Amino acid sequence: MPGFLDRAKEQAQSALTQGKQKVDEVQQQRAGNDLLKKLGAAYYAERRGSGTAEATQQALSALEAHIATHGDSFLRG
């Protein structure tokens, strides 16, 4: 019986780890999407004359930092 409980515990730990990884991945994708949206809004505001090039550059830098850290998988949908 102890062998069965050990295997069940290992499987539960594995499932928990996989679940945490998936949650982290979803959170990173959401953060990337938010940064991309902010970049679009900053660019649009700049083109309309109500934004600045500095705001657009800051949004671009934030997005590039996110991509450097977490990759660009959120761009693929």
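Select Lys22: at 48% relative accessibility, this residue counts as partly exposed, because that value falls between the 20% and 50% cut-offs. Keep in mind throughout that the model is predicted.

**Stop 1: a pair on helix 1**

Add Glu25 to the selection. Lys22 and Glu25 form a salt bridge, with 3.6 Å between the closest N and O atoms. Both residues sit in helix 1, 3 residues apart, which is about one turn of the helix. Why do residues at such a spacing point the same way? An α-helix has 3.6 residues a turn, so residues three or four places apart point the same way. Glu25 has 37% relative accessibility, so Glu25 counts as partly exposed.

**Stop 2: the whole of helix 1**

Now select residues 2-48, which make up helix 1. Helix 1 has 47 residues. From its first C-alpha to its last, helix 1 reaches 69 Å. That is close to the 69 Å expected at 1.5 Å a residue.

Which residues of helix 1 are buried? Pick out Gly32, Leu35, Leu39 and Ala42. The cover over the buried residues of helix 1 includes helix 2.

**Stop 3: the start of the chain**

Go to Met1, in the segment before helix 1. Met1 has 72% relative accessibility, so Met1 counts as exposed. Add Phe4 and Leu5 to the selection. Together, Met1, Phe4 and Leu5 make a nonpolar surface patch of about 380 Å².

**Stop 4: Asn33 and Phe74**

Return to helix 1 and select Asn33. Is Asn33 buried or partly exposed? Its relative accessible area is 38%, so Asn33 is partly exposed. Now add Phe74. Asn33 and Phe74 are 41 residues apart along the chain. Their C-alpha atoms are separated by 6.8 Å.

**Stop 5: Tyr44 and the end of helix 1**

Move along to Tyr44, also found in helix 1. With a relative accessible area of 53%, Tyr44 is exposed. Add Ala55, which is 11 residues from Tyr44 along the chain. The C-alpha atoms of Tyr44 and Ala55 are separated by 11 Å.

Next, select Gly49, just after helix 1. Gly49 takes a positive phi of about 95°.

**Stop 6: helix 2 and its two sides**

Select residues 53-70, which form helix 2. How far apart are the end C-alpha atoms of helix 2? They are 26 Å apart. At 1.5 Å a residue, the 18 residues of helix 2 should span 26 Å, so the two values agree.

Colour the buried residues of helix 2: Thr56, Ala59, Leu63 and His66. Look down the axis of helix 2: the buried residues fall within an arc of 90°, so they line one face of the helix. The buried residues of helix 2 pack against helix 1.

Turn the view around. On the face of helix 2 turned away from its buried side are the exposed residues Glu54, Gln58, Ala68 and Thr69.

**Stop 7: a closer look at Thr56**

Zoom in on Thr56, in helix 2. Thr56 has a relative accessible area of 12%; under the 20% cut-off, a residue is buried, so Thr56 is buried. What does Thr56 touch, not counting residues up to four places away in sequence? With those residues left out, Thr56 touches Leu39, Ala42, Tyr43 and Glu46. Two of these names may look familiar: Leu39 and Ala42 are among the buried residues of helix 1.

**Stop 8: after helix 2**

Step on to Gly71, which follows helix 2. The phi of Gly71 is positive, near 90°.

Finish with Asp72 and Arg76. Asp72 forms a salt bridge with Arg76, and the closest N and O atoms are 3.0 Å apart. Asp72 has 30% relative accessibility, so Asp72 counts as partly exposed. Arg76 has 62% relative accessibility, so Arg76 counts as exposed.

How many salt bridges does the model have? The count comes to 2. One is the pair Lys22 and Glu25 from the first stop, and another is Asp72 with Arg76.

Definitions and conventions
Residues are numbered from 1 along each chain as its sequence is written. This is a predicted model: local features need pLDDT of at least 70, side-chain atom pairs count only at pLDDT 80 or more; totals for chains, interfaces and linings use all residues. Side-chain values use heavy atoms; hydrogens and water are left out. Helices (H or I, at least four residues) and strands (E, at least two) are DSSP runs, numbered from the N terminus. The expected span of a helix is 1.5 Å times one less than its number of residues. Buried means under 20% relative accessible area, exposed over 50%, partly exposed in between (1.4 Å probe, protein chains only). The arc is that of the directions from the helix axis to the C-beta atoms. Contact means heavy atoms within 4.5 Å. A salt bridge is a side-chain nitrogen of Lys or Arg within 4 Å of a carboxyl oxygen of Asp or Glu. Patches are made of residues with over 30% relative accessible area and no salt bridge: like charges are joined within 9 Å, nonpolar side chains (Val, Leu, Ile, Met, Phe, Trp, Tyr) within 5 Å. Accessible areas come from the Shrake-Rupley method with a 1.4 Å probe; for residues, only the protein chains shown count as cover.
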